[in-house]
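Visitor: I've got the sequence and the fold up on my screen. Shall we poke around side chain by side chain?

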Amino acid sequence: MSASQTASESAEATATENTETTSETSENMQVKITVGETVLTATLEDNATARALVEQMPLTVSMMDLYGREMCYRFGAGALPTDDLRSDSYEVGDIAYWPPAGSLVILYAQNGEQFERQHLGHIDSGMEVFETTGDTEVTFELA
């Protein structure tokens, strides 16, 4: 094996490690969500919508309690880009973006509904805080 082959292989290995580190970092964006005195943590996916949301952080919004299952803040239609809409059931703790009204949504209870949305991420635990808050201020910031 020549020195140039070894240097080339070493550069490729370094590039692969850097790519893996970058992917790992972008795929695991940790966010702190503050509701009154309660702090929740969430992991955001690496997609265009989540990245656009992160660019606006820290962000404090007045979220409405809708349908006894979700907290919602309406940016307005087309406010954030979407690149992977899906229409299936959701999990309690999911954070989503609903494009028709440009709504940032935290799903805190399950009713079996399916709707088209851009999945943004998931809150690890503590969803019960939303069961009693009603409309409230919520702050999103990078952890």
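Visitor: Let's start with R86: what is its relative accessibility?

Guide: Burial here goes by relative accessible area: under 20% is buried, over 50% is exposed and anything in between is partly exposed (1.4 Å probe, protein chains only). R86 counts as partly exposed, at 30%.

Visitor: Before we go on, what pLDDT do side-chain atom pairs need in this model?

Guide: Residues are numbered from 1 along each chain as its sequence is written, and side-chain values use heavy atoms, with hydrogens and water left out. This is a predicted model, in which totals for chains, interfaces and linings use all residues, local features need pLDDT of at least 70, and side-chain atom pairs count only at pLDDT 80 or more.

Visitor: Back to R86, then. Which residue does R86 form a salt bridge with?

Guide: A salt bridge needs a side-chain nitrogen of Lys or Arg within 4 Å of a carboxyl oxygen of Asp or Glu. For R86 the closest N and O atoms are 3.2 Å apart. The partner counts as partly exposed at 29% relative accessibility, and it is D88.

Visitor: D88 meets R117 in a salt bridge too. How many residues apart are those two?

Guide: The N to O distance for R117 and D88 is 2.7 Å. Helices (H or I, at least four residues) and strands (E, at least two) are DSSP runs numbered from the N terminus; R117 sits in strand 8 and D88 in strand 5 (residues 85-89). The pair links distant parts of the chain, with a separation of 29 residues.

Visitor: Is R117 buried or exposed, and which ring does R117 lie over?

Guide: R117 is buried, at 0% relative accessibility. A charge sits over a ring if NZ of Lys or CZ of Arg is within 6 Å of the ring centre and within 35 degrees of the ring normal. R117 is 5.2 Å from the ring centre, over the face of F115.

Visitor: What about E113: which residue does E113 form a salt bridge with?

Guide: The closest N and O atoms in this one are 2.1 Å apart. E113 is in the loop between strand 7 and strand 8 and its partner is in the loop between strand 3 and strand 4, so the pair ties together parts that are 44 residues apart in sequence. E113 is partly exposed at 34%, whereas the partner is buried at 6%: R69.

Visitor: How many residues of strand 7 are buried?

Guide: Strand 7 covers residues 103-107. S103, V105 and L107 are buried on one side, L104 and I106 on the other. The strand is largely enclosed by the rest of the structure because the count of buried residues is 5 of the 5.

Visitor: What is the bridge partner of Y73 in strand 7?

Guide: Strands pair if DSSP finds at least two bridges between them. Strand 4 (residues 70-74) and strand 7 manage 5, in the antiparallel sense. In strand 7, Y73 has as its bridge partner L104.

Visitor: And which glycine in the turn between strand 6 and strand 7 has a positive phi?

Guide: Strand 6 (residues 94-98) pairs with strand 7 in the antiparallel sense over 4 bridges, with W98 matched to S103. The two strands form a hairpin with 4 residues between them, and the turn residue with phi of about 60° is G102.

Visitor: Y73 caught my eye again. What is the angle between the planes of Y73 and F75?

Guide: Rings of Phe, Tyr and Trp (its six-membered ring) pair if their centres lie within 6.5 Å; planes under 30 degrees apart are stacked, over 60 edge-to-face, the rest tilted. Both residues are partly exposed, Y73 at 24% and F75 at 23%. Their rings are 5.0 Å centre to centre and edge-to-face, the angle being 90°.

Visitor: Last one: which backbone oxygen does the side chain of H119 reach?

Guide: H119 lies in strand 8 (residues 114-123) and is buried at 8%. Beyond its neighbours within four places in sequence, H119 has contacts (heavy atoms within 4.5 Å) that include E45, D94 and our old friend R86. At 3.4 Å, its side chain reaches the backbone oxygen of G121.

Conventions:
A polar contact is a pair of N or O atoms within 3.5 Å; within protein, one must be able to donate a hydrogen and the other to accept it, and residues adjacent in sequence count only if both atoms are side-chain atoms.
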